[in-house]
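Trainee: I have a model open and would like to go through its contacts, its core and its sheet. Can we start with one residue and work outward?

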Amino acid sequence: MDKWIGALVAVAVLAVIAWLMVRSWRRRAARDSVLSAYPVPAVRGEAELEAEVLYVATTPAGEPLERLAVQGLAFRGAGRVEVMPEGVALRIAGEPVSFIPADRVVGAATASYAIDRGVEPEGLIALSWIAATDDETPEGAEPRVDSYLRARYPGDQARILRAIEDIAAAPAAPRPEQHESEASDD
């Protein structure tokens, strides 16, 4: 009889834990439902780089321990990254293609950990980008996110970082001619 009571208590505790996990994921998915990648362009140039990666997670920028449930980027998986002049395409097994236009790519850097993955120092690639949102997002409140990738083969990490940095949107800077013409107008 005592064994049955212990077993029922254990089953009840596990059921409560499972229910809390499901509820938590549903809340997270509802919270992040306004975030997404961008539609894949109909016409794309030739990929400058293609590499196999392990996709780890997407998090708010600078918060590697807070997972976002961005459509197509919610779950870990094997995949491919394609860097082309128009942007970056992430092809994760079992998910739709996630595309990030070049003008929404902020940059790429190395990282050592993300929500459920710790690796050797600087073993991950943190791809920083501006997520697409619904029309109700206030101007200037564009959410910046980091998507973490791990290159599958040696040497690919440096190639991926270089290719992403080559297409990353640079901040608008005035040209020297503009400064000279403005100075002469005064």
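Trainee: Which residues is valine 83 in contact with, leaving aside its neighbours within four places in sequence?

Mentor: This is a predicted model, where local features need pLDDT of at least 70, side-chain atom pairs count only at pLDDT 80 or more, and totals for chains, interfaces and linings use all residues. Residues are numbered from 1 along each chain as its sequence is written, and side-chain values use heavy atoms, with hydrogens and water left out. Contact means heavy atoms within 4.5 Å. On that basis the partners of valine 83 are Ala47, Glu48, Leu49, Val88, Ala163, Ile164 and Ile167.

Trainee: Which element gives the largest share of the largest nonpolar core?

Mentor: A nonpolar core is a set of buried (under 20% relative accessible area, 1.4 Å probe, protein chains only) Ala, Val, Leu, Ile, Met, Phe, Trp, Tyr and Cys residues joined through side-chain atoms within 4.5 Å. The largest one has 34 residues, and Val83 and Ile164 are among those that touch the most other members. Elements giving two or more residues to this core include β2, β3 and α2 (helices are DSSP runs of H or I, at least four residues; strands of E, at least two). The largest share, five residues, comes from α2.

Trainee: Which strands stand at the edges of the sheet?

Mentor: Two strands pair if DSSP finds at least two bridges between them. The open sheet of seven strands runs β4-β3-β2-β1-β9-β8-β5, with antiparallel pairing. Each edge strand has a single partner, so one side of it is left without a neighbour in the sheet; these strands are β4 (98–101) and β5 (105–111).

Terms used. Buried < 20%, exposed > 50% of the residue type's maximum accessible area, 1.4 Å probe, protein only.
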